[in-house]
Amino acid sequence: MPMSNEKPESEPIAALRDAIDAKGQMDYPTFVTTTLYAPRVGYYSTSKMRVGRSPETDFYTAQSLGPIFGQLVVAACESLLGDTDLDTYTFVEIASEPNRSVLQGVEHKFGATKTIRLFDSLEIPPNAIVFANEWLDAQPFRRFRFDKEKGWLERGVELTESGIREIDLHQSDNISSFLKEISPDTPHDYLLDLPTGAKDSLIDLCSKEWNGLFLTFDYGLSMEDFTRRRPEGVARAYKRHRLSDDLLASPGEQDITCHVCWDMLEAVLRDQGFAKVQVERQESFLLGHASSTCEAIVTGNGGEFDPDRQTLMELLHPGNMGSKFQVLRGIRAK
């Protein structure tokens with residue numbers, strides 16, 4: 001029999017083909033959900049190592065630097081909850097990597113701990129401290145392009161015989177439901193990546209019946225930044241520690257992230273009954289709520305070289321993670 005020269009279709013591409021509509025197209029939420037989370041083939045569904053500093057990984061997080069970050073998180077929880085007995089709370093961690101936890105190797109006074117990983121049900125105990133590190137930036141988003149003549153157009157993805165390409169899907173008639181004010185002088189071809197998945201995920205979490213502290217570390221911007229200062233959009237891909245704006249390359253083999261919008265998330269917490277809602281730079285938050293732990297690390301080991309001190313500086317220094325990441329918190333009382 002004659003042999004075909006055609007290469008077999010990869011599993012991620014096959015998953016995308018199953019997700020397209022009759023026109024061979026899909027919106028960005030469908031594309032991101034499929035490439036990141038499709039069973040067995042999505043980026044976060046495979047068993048490969050993603051996080052760490054080795055050349056084989058794609059990115060590293062504060063949590064992958066060792067137990068120092070966990071110590072600071074525990075100290076901050078103690079500070080934020082004041083005189084409340086920590087043993088009455090269950091510490092719930094969302095979206096930790098397999099076999100990892102922010103509390104690994106860290107002493108704490110929490111009554112219980114729980115880790116919710118990918119595909120686990122989002123069940124929160126009645127009295128909880130809910131913590132997440134870089135969870136919301138990995139949620140689906142919607143992409144829009146501004147056309148001077150047509151207005152805002154929703155962007156999407158099309159599968160063709162020659163590959164994958166980004167296209168305009170249709171005119172968006174509901175973008176005003178996301179944006180209270182749209183600048184009349186928006187430049188032609190301005191790209192707007194709206195992190196709607198992050199908002200929906202937080203609503204899902206906070207609509208459940210639990211009280212306590214919500215605490216998340218992530219990178220994000222204000223709505224004004226999204227709509228006025230980022231004309232090339234904010235969604236990016238990571239592979240082998242390299243940042244790229246080619247979101248369509250290597251489906252299932254690269255991470256895709258989108259900055260969260262702090263205005264949207266703060267509004268969700270307030271709407272769901274949280275008080276003391278605030279966003280701070282990571283540096284400011286840790287120095288303000290884990291100062292004793294920071295001081296103990298800095299002054300420890302008699303001034304000799306200390307890897308813990310080096311890790312702390314990486315977490316705090318504005319040139320590293322100190323200003324790149326922000327912290328959102330809120331408390332909901334019974």
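This tour moves from the whole chain to one helix, then to a histidine loop and some cysteines.

The structure is a predicted model, in which local features need pLDDT of at least 70 and side-chain atom pairs count only at pLDDT 80 or more, while totals for chains, interfaces and linings use all residues. Residues are numbered from 1 along each chain as its sequence is written, and side-chain values use heavy atoms, with hydrogens and water left out.

**The whole chain**

Begin with the cartoon view, where the chain shows nine helices and 16 strands; these are DSSP runs numbered from the N terminus, helices being H or I of at least four residues and strands E of at least two. The radius of gyration of the chain is 21 Å, close to the 20 Å that the globule rule gives for 334 residues, so the chain is as compact as a globular protein of that length; the radius is taken over C-alpha atoms, and the rule is 2.2 Å times the number of residues to the power 0.38. Along the principal axes, the C-alpha atoms fill a box of roughly 70 × 55 × 40 Å. Of the 334 residues, 53% are buried, where buried means under 20% relative accessible area with a 1.4 Å probe, counting protein chains only.

**Helix α2**

Next select residues 28-37, which form helix α2; eight of its ten residues are buried, so the helix is largely enclosed by the rest of the structure. Among the buried residues are Tyr28, Phe31, Val32, Leu36 and Tyr37. To see what covers them, add elements including α1 (11-19), β1 (25-27), β6 (151-160) and β13.

**His259 and its surroundings**

From β13 (255-258), continue to His259, which lies in the loop between that strand and β14 (260-261). The histidine is buried, with a relative accessible area of 18%. Leaving aside residues up to four places away in sequence, His259 touches Pro195, Tyr219, Gly220, Leu221, Phe226 and Val234, a contact being heavy atoms within 4.5 Å.

**The cysteines**

Finally, select the cysteine sulfurs: the structure holds zero disulfides, a disulfide being counted as a pair of cysteine sulfur atoms within 2.5 Å. Cys77 is in no disulfide, and its nearest cysteine sulfur, that of Cys294, is 14 Å away; Cys77 is also buried, at a relative accessible area of 0%. Why is Cys258 not bonded to Cys261? The sulfur of Cys258 is 9.6 Å from the closest cysteine sulfur, in Cys261, which is too far for a bond. Cys258 likewise counts as buried, at 1% relative accessibility.

Note on methods:
Buried < 20%, exposed > 50% of the residue type's maximum accessible area, 1.4 Å probe, protein only.
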